[in-house]
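Work through the exercises below with the sequence and the structure open. Try each task before reading its solution.

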Amino acid sequence: MTRKKRRLYMLGLALLGLGAATALTLTAFEDNIVFFFSPTQLQAQPVGDRNFRLGGLVEQGSVTKLPDGVTTRFVVTDTVNSVPVTYRGQLPDLFREGQGVVAEGRMASGVFQAREVLAKHDENYMPPEVADALKQAEHFKATAKTLKPSS
Amino acid sequence: MIPELGHYALVLALFVALVQSGVPLVGAATGNAAWMGVARPAAVAQMLLVLVAYGALTWAHVVSDFSVMNVVQNSHSAKPMLYKVSGVWGNHEGSMMLWIVMLTVFGAAVAVFGRNLPPSLKARVIAVQGLIGVGFLLFILTTSNPFIRVVPAPLDGNDLNPLLQDPGLAFHPPFLYAGYVGFSIAFSFAVAALIEGRVDPAWARWVRPWTLAAWSTLTAGIALGSWWAYYELGWGGWWYWDPVENASFMPWLAGTALLHSAIVVEKRDALKTWTILLAIITFSLSLMGTFLVRSGILTSVHAFAVDPARGVFILVLLGIATGGSLLLYSLRAPTLKAGGLFAPISREGSLVLNNLLLSTATATVFIGTLYPLFLDVMKLGKVSVGAPFFNATFVPVAIPMVIAMVVGPFLAWKRGDLPGALTRLWSAGVAVVVCVAIAAYITNGGGPLLALVGIALAAWAFFGSLAEFAERIRLFRVPVKDSWNRAVHLPRSAWGMTIAHACMGISILGMTGTSAWQTEVIQAMKPGETAQLAQYSVRFDSVGEVQGANFRAEEGVFTVTRDGQTVATLKPQRRSYPVTRMTTTESAIHTTVFSDVYIALGDPTQNGTAWIVRLYHHPLVPWIWLGALGMMAGGLVSLSDRRFRVGAPERRRSAAKPTLQPAE
């Protein structure tokens, strides 16, 4: 085996690996990327039956337990728009009214069916997506206010 | 006074690190022995100074000195002593201190134990290590000083995040960091070799033990973290493909590749440039892990409060370390002499395949972890990439890797005989068929096809590795006594490989078992009610109050029975920590080694008469961590191989001719 031939083999193997990995990654991306939306963004663009993440604040006074005892209903808001959510299961320890929350699931007849509600380590910690969404909503409110008098 | 002393020691350490990174480098370039000699005392002095600083911070935590900001924010006088000590690294500043402690300890270890290293190589390695120290010391002193005082001092602290007040997590960061930072030695050796312009088998023999040590501790750190997530978060999962988990997993994958490619350099003097590149990549991934966790750009259970300045600092550090070393690599790598030749079907070939697959796996994890960040930075939307992505990309790469892992050791160096290797694996093949049949019988053919593939892989890895060991000691072909003698005299690295590879099989079995056949029951239960969980029935007896050192807890009492026989009484808790106003779930687990019964007590329902209870039955789950423990043990056994000890101080004299080792 000459050095050249060996290099060729190695290169071929490496390319094969790279190709396989790329193919796997691309197909996996297609099916498995989960988008993040705030309630306001959700209003602007319907998402259909896709799996996505919803983030915002848990609205004060909105948390109720259904009679079965394990399903919770609450409302996620970005202070401008809000979306009702149901979740079956045990909520993370840091889930509380007024706190930031990120939930993953799908929309079904106007209600977000959460499959998973993400836990947070730290009560002062705000998920960056939620912080961003709130900021945008604030901005939206501010521009709406300034626009009103002029219109 | 003591915190100021710590601060002062830290500043001194920075200056020592500056000297350590400059003087020996110049000395090595000019051949000045005295200047090169500065490396050793400097590395030791830097370690001592950093230890003094770390000791001062620990002291402040232990005596609850609430005039120190770091203590106020992360401690409380009522906190148990274990967590006062572990709380030092349970926060951003302290964890960076731990990082630098590890870094300097490793650096000093090279300085002290590396007596028979060529002096110029040693000086350069320690200098590069010093450079990394400069970066991190600057980072701590400018953005994350743990010694800042508060005036006036509050009466008590804010307490440590209760989720971190747990024995499993107390020891997770030290292991993880020892692993991350251990790879810095491989990195320093790589950079030093590039500067030197020479890589030879002796170089690989110096790099391998450090890489092995780092790899073993990183394995332990990741396993501890996974175990903690399993029992503490109350969700019963053991791996979430969370970005921060990935951040520790990528260096592990790259480090595993490095471990194997260094073998080829050592035995066959081939793959040299690739090994150097891997050493650079592995440490860069460790730095990137630090960046991902510390910058707060990720939504993760580990994210500390956001501070952009810190993120930017580490990003710059990462840029300098990675960019600089890659630049050096591109300049110097072509000048390294290529080594021994080999056929594609050979031991070297199988290790190349191992490296390709591990790198591919690292790349898929890398893309999945960083793609959301990339989109976010480019303002293309916010996405997250979760477990399904990684299952779809990582698993298909991991399967051939495990298959090849067993075949590789049967191939000879230079030119191997694949059909021959496969025929010698017939016993493992039989074992695979038997195991799959047993699994299908026990579960009534149930479970997804992938589960049976998992069982087959686990059996292949386990029995294939044992078969290789049996082959080595010629079991059943020579009298048992001879086999025993052969086993005793096998090099420790051979033992280490067999243990690590076989334990990989054990871990795979655990992962397969719990992923495919777990049972989950979530329901509201009143005391006195009974729920069915797999072949167990679980009776909820009562709920009581328990008072801990710094928490109050609701404790449920559950009786687990099987066929009318009481198996266990489990007492899961829901703790509330008044200082941080947080609640945590302390799940209760009954393990039979073959499966876990796992109970977590949730919130009471609205009227307070019932509680939400999560019940899990996890078949085989303990095997995941048993396997990981075994892999770590394999690494340590391999580390004790005598050729790595050649050159330890007491053997210095005989190490003058260190090349006479058996080929295996």
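Two strands are said to pair if DSSP finds at least two bridges between them. The model used here is predicted.

**Exercise 1. Find the strand in chain B that holds the bridge partner of Phe35(A), and name that partner.**

Solution. Start with strand E1 of chain A, residues 33-37. This strand and E1(B) pair in the antiparallel sense, over three bridges. Within E1(B), the residue bridged to Phe35(A) is Val383(B).

**Exercise 2. Describe the side of chain B that touches chain A.**

Solution. Begin with the totals: 48 residues of chain B are in contact with 38 residues of chain A. Next, list the elements of chain B that each supply at least two residues to this side: helices H14 (347-377) and H15 (387-407), and strands E1 (383-385), E2 (519-525), E8 (582-586), E10 (595-604) and E11 (611-619). The element that gives the most is H14(B), with seven residues. Last, sort the residues of this side by class: 28 are nonpolar, 17 polar and three charged.

**Exercise 3. Check the length of helix H17 of chain B, then decide where its buried residues lie around the axis.**

Solution. Step one is the length. H17(B) covers residues 426-442, which is 17 residues, and at 1.5 Å a residue the expected span is 24 Å. The end C-alpha atoms are 24 Å apart, so the two values agree.

Step two is burial. A residue counts as buried if 20 or more other C-beta atoms lie within 10 Å of its own, and as exposed if 12 or fewer do. In H17(B) the buried residues are Ala428(B), Val432(B) and Ala439(B). They cover an arc of only 50 degrees around the axis, so they lie on the same side of H17(B). An α-helix has 3.6 residues a turn, so residues three or four places apart point the same way.

Step three is the surroundings. The cover over the buried residues of H17(B) includes H15 and helix H18 (449-472) of chain B. On the other side of H17(B), the exposed residues are Trp426(B), Val430(B), Val433(B), Val434(B), Ala437(B), Ile438(B) and Tyr441(B). Just after the helix, Asn444(B) takes a positive phi of about 55 degrees.

**Exercise 4. Trace the strand pairings of E6 in chain A.**

Solution. E6(A) spans residues 100-108 and is joined by six bridges to strand E2 of chain A (residues 52-58), with the two running antiparallel. In this pairing Leu54(A) has Ala103(A) as its bridge partner. E6(A) also pairs with strand E7 of chain A (residues 111-117), again antiparallel and over six bridges. Here Met107(A) is bridged to Phe112(A). The hairpin of E6(A) and E7(A) has two residues between the strands, and Ser109(A) takes a positive phi near 45 degrees there.

**Exercise 5. Is Leu601(B) buried or exposed?**

Solution. First locate Leu601(B): its place is in strand E10 of chain B. Then count: 29 other C-beta atoms lie within 10 Å, so Leu601(B) is buried. Among the residues Leu601(B) touches are Glu554(B), Pro572(B), Trp611(B) and Val613(B).

**Exercise 6. Which elements of chain A have the lowest and the highest mean pLDDT?**

Solution. Chain A averages a pLDDT of 77, and 83% of its residues score at least 70. Helix H3 (residues 128-150) has the lowest mean, 62, and strand E5 (residues 82-88) the highest, 90. Over residues 145-151 of chain A the pLDDT is below 50, and this stretch has zero contacts in the model beyond near neighbours in sequence. Where pLDDT is low, the predicted coordinates should not be read in detail.

How values were computed. Residues numbered from 1 in each chain as written. Chains lettered and ligands numbered in written order. Predicted model: local features only at pLDDT ≥ 70, side-chain atom pairs only at ≥ 80, totals over all residues. Contact = placed C-beta atoms within 7 Å. Helix = DSSP H or I, 4+ residues; strand = E, 2+ residues; numbered from the N terminus. Nonpolar A, V, L, I, M, F, W, Y, C, P; charged D, E, K, R; others polar. Expected span 1.5 Å × (residues − 1). Arc of directions from axis to C-beta. pLDDT = per-residue confidence, 0-100.
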